[in-house]
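I set out to read one protein model with care and to keep a record of each point I looked up. My entries follow below.

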Amino acid sequence: MLKKLLCATLLVAGIGAAHAADPGFYVGGGIGQARYDDSLTGQIRSAYTNDPGYAFVSGRLTDDTDNAWKLFGGYRFLPWLGVEFAWVDFGQVDSHYVLHSQVPLTNADATIDGRYEIAGPSATVFGELDFNQRTSGILRVGAYNAQVDYSEIGTGADGQPHRFSNSGSNTKLTYGLGLNVRVTPSWDVRLDWDRYTDAGRRFALTNDGNGRFDHIDFVSLNLAYRFGQ
């Protein structure tokens, strides 16, 4: 996916000529792939250390990537400085873990399959550096609100079906880089890499401790329209 996005952007960079960035409003959107950091196994193992009811057996993310998309709008105060607001949907990833009952005479395992769906708004400040008349590099930093919807199904050590769901949010740091190509005075194509940190809450034996991802990396190919150009 990353190689395809990079090749597409470099191809567009060779088409036409345009002027350097001008102040003003713009809107856009893009698609790409989100990759979740897999630190969940260690969190689950730590949470069940010395737990009298269950012992941790195994755990993992059964997949750590998904298709993702974003919509954004921003304003350049200066040719090299602006702000951008976005809504990002990171798709979903799934987990699986097994616990062994420590209750005497039970001697059975509980299995849990979890699903994480994360999306939310972001606000960033960016600086832009022109490489030539049609291409520029972008560096941005800001904050985002990770809205995490978690659900799980499984089988308890007693053999009975198990279901649980919970939603929560937290506001954390985001930062990223972009390669912008001005195809016409009004249209840009942009290849972005963004990192979103600490999504969710660390796994704990509580209703809202469903698991934290130290970071989510999102690579996207975007199209943006400049007003008034």
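**Entry 1: The largest cavity**

I sorted the lining of the largest cavity by class and found three nonpolar, three polar and four charged residues. I note at once that the model is predicted.

I then listed the lining by name: Lys70, Glu84, Phe85, Ala86, Ser122, Thr124, Arg140, Thr174, Asp194 and Tyr196. Strand 4 (81-101), strand 5 (109-130) and strand 8 (187-201) are the elements that give two or more residues to this lining. Which strand gives the most to the lining of the largest cavity? I found that strand 4 does, with three residues.

The space in the largest cavity comes to about 80 Å³. I counted three cavities of 30 Å³ or more in the structure. I kept a reminder on the method: rolling a probe the size of a water molecule over the atoms shows where empty space is left.

**Entry 2: The largest pocket**

I turned next to the largest pocket, which holds about 340 Å³ of space. Its lining has 20 residues, and those closest to the centre of the pocket are Tyr48, Tyr97, Ile112, Glu152 and His162. The elements that give two or more residues to the lining of this pocket are strand 4, strand 5, strand 6 and strand 7. By class, I recorded 12 nonpolar, six polar and two charged residues in the lining of the largest pocket.

**Entry 3: The chain as a whole**

I looked up how the chain is built and found two helices and nine strands. Read from the N terminus, the order of the elements is α-β-α-β-β-β-β-β-β-β-β. The chain has 229 residues, of which 46% count as buried.

I also checked how far apart in sequence the touching residues are. Among contacts in the chain with a separation of 6 or more, 71% are between residues 24 or more positions apart.

**Entry 4: Confidence**

I wished to know how far the predictor trusts its own model. The average pLDDT of the chain is 89, and 90% of the residues score at least 70. Residues 1-20 have a pLDDT below 50, and this stretch has 33 contacts in the model beyond near neighbours in sequence.

**Entry 5: Strands 6, 7 and 8**

I followed the pairing of three strands. Strand 6 (residues 135-155) and strand 7 (residues 161-182) run antiparallel and are joined by 21 bridges. Within this pair, I found Gln147 of strand 6 opposite Ser169 in strand 7. The hairpin of strand 6 and strand 7 has five residues between the strands, and Gly159 in this hairpin takes a positive phi near 85°.

How many bridges join strand 7 to strand 8? I counted nine, and these two strands also run antiparallel. Leu177 stands opposite Trp193 in strand 8. Strand 7 and strand 8 form a hairpin too, with four residues between them.

I added a general note for my own use: in a regular strand the side chains alternate between the two faces of the sheet.

**Entry 6: Two residues with positive phi**

I looked for positive phi values in residues other than glycine. Asn50 has a phi near 65°. I located Asn50 in the loop between helix 2 (40-47) and strand 2 (54-63). Is Asn50 buried or exposed? The relative accessible area of Asn50 is 75%, so Asn50 is exposed, the cut-off for exposed being over 50%.

Asp198 also has a positive phi, near 55°. I found Asp198 in strand 8. The relative accessibility of Asp198 is 25%, so Asp198 counts as partly exposed.

**Entry 7: Asp113**

I closed with one residue of strand 5, Asp113. Its relative accessibility is 35%, and Asp113 therefore counts as partly exposed.

Which residues does Asp113 touch, leaving out residues up to four places away in sequence? I listed Ser95, His96, Ser151, Glu152 and Ile153. I then took Ser151 for a distance check. Asp113 and Ser151 lie 38 residues apart in sequence, and their C-alpha atoms are 8.5 Å apart in space. I noted, too, that Glu152 had already appeared in my second entry, among the residues closest to the centre of the largest pocket.

Key
Residues numbered from 1 in each chain as written. Heavy atoms only, no water. pLDDT = per-residue confidence, 0-100. Contact = heavy atoms within 4.5 Å. 1 Å grid on protein atoms, 1.4 Å probe; cavity = no way out; pocket = protein on both sides within 12 Å on 5 of 7 lines; lining within 4 Å. Points joined across faces, edges and corners; volume = space filled by probe spheres on them. Nonpolar A, V, L, I, M, F, W, Y, C, P; charged D, E, K, R; others polar. Pairing = 2+ DSSP bridges. Buried < 20%, exposed > 50% of the residue type's maximum accessible area, 1.4 Å probe, protein only.
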